[in-house]
Amino acid sequence: MPKRRQTLAIFEKQVRMKYSAILLLAGMAFFSATLEAQPSRRCLSLSPSSYMQGAASKNAPASVADSLHAGSTASPLSTRAVVKIPVVVHVVWNKTEENISDEQIFSQIEVLNRDFRATNLEIPDIPAIFQNRIADVEFEFCLASVTPDGQPTSGITRTFTNNSVGIGGTKAIHYTNLGGKDAWDAMHYLNIWVAKFAGGVGGVATFPGTSSPAEDGVQIDYRQFGTFNVQPPYHLGRTCTHEIGHYFNLEHVWGPNLDSCCEEDDFVADTPNACESYLHQCPVHPVFSCAEPDMFMNFMFYTDDACMGMFTKGQKMRMWDALSQYRPGLLNSTACEMVPTVEEPPSETLSLYGNPVQDRLLFEIKSKDSAVWKVQLSDLLGRRIFYLTCPANLVQSAELPSSAAGVFFLEAVAGDRRIVAKVAVF
Ligand SMILES: [Zn+2]
């Protein structure tokens, strides 16, 4: 075994041992920072097979773990539409810089929507031998607009914690009374906690069926979340993409461990077996750790953010299987449905006709007077899509550019009056 690989295998073992220690010492709100001083790839997530070796196996039903390893069965993908995954981001912060901005959160959602729809910039650069394996996973992610009890929400919660060491990666982060934040109904929301990790690990996720609903979801270090205020090599939001892969039952491509990985599979047929994590690396294709060239640009390696860019069709099948078998509540969640947000004054409203919309936006400002309104549609980053002036109490029609897709804000202003509505464009 080459020396570097040995080193990485040891690294993996250390990570796993550390996580086992966390599980065994559940309730201790820290773990030591001896692993690495610098933020490192990538995750602490343990596959169900790893769980079977550790303390958590006591809580993991064997039947679930076994069936998780049964591999993909044929899924009627062709009959399914794109699924919207409702997300709630829980920011748990101690220092001001850990209380990340809305824009940083929006940037992560945009990354997820590109990566899981194969519209990310790296797609053309995927090596030719892997091009026909690239999958549009057909998952889209949105910040929830409705809370579990039906109230309007931004899909973001913010909680101050007294834990200054780093509550990320601990049990406590899932519980408000332990200094974290309680999960929202894990059946119908993907809970993402963003906080400081103390141990140099970027993120962790729960595989389906391996945790209680209170602790189900994904955790990401605030320094690796989104594309604002983050540093290379983990500056393109791929830690979260990777962890959500685990959340939907994807293994690392090299399988459960790095010791005998050419013989081990990730239970996905179209990812070549590999025996390298590519931690802190950005190789040049082709590189080999087993028989076939390594698909190191797969999101389920530890490759640097800028050097990864695809899920495979086999991984897509496995994720859809996990969704339908273990997370079916996400399929029929209504938490993504856009509810027009009306601001002051309540006597004036901005009505959308059809939301989400496709290529044409129909709206009406309802007002008691005849003021002329300035109307602007902008994206999550504040970039203007269109601007026009119009009277109230008349239905207005505006063409949308064919490139427009995602969540936008329609803002109407007259004097000091302002009304905003959230618009979803497909
Ligand atoms: Zn991982």
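This passage describes one helix with its packing partners and one small set of paired strands in a predicted model. Local features are reported at pLDDT of at least 70 and side-chain atom pairs at pLDDT 80 or more, while totals for chains, interfaces and linings use all residues. Residues are numbered from 1 along each chain as its sequence is written.

Helices (H or I, at least four residues) and strands (E, at least two) are DSSP runs, numbered from the N terminus. Helix α4 comprises the 14 residues 102-115, and because its expected span is 20 Å at 1.5 Å a residue, the 20 Å between its end C-alpha atoms agrees with expectation; the expected span is 1.5 Å times one less than the number of residues. Among the buried residues of α4 are I105, F106 and I109, where buried denotes 20 or more other C-beta atoms within 10 Å of the residue's own, placed from the backbone. These buried residues of α4 pack against β2 (83-93), β3 (139-143), β4 (156-160) and α6 (238-247).

Towards α6, residues Q108, V111, L112 and D115 of α4 meet C240, T241 and I244, contact being defined by C-beta atoms, placed from the backbone, within 7 Å.

Elsewhere, an open sheet of 3 strands follows the order β8-β9-β12 with antiparallel pairing, two strands being paired if DSSP finds at least two bridges between them. Strands β8 (349-352) and β12 (396-399) stand at the edges with a single partner strand each, so one side of each is left without a neighbour in the sheet. Between β8 and β9 (residues 360-366) there are 4 bridges, and S351 stands opposite E364 in β9.

Technical notes: Buried ≥ 20, exposed ≤ 12 C-beta atoms within 10 Å, placed from the backbone. Contact = placed C-beta atoms within 7 Å.
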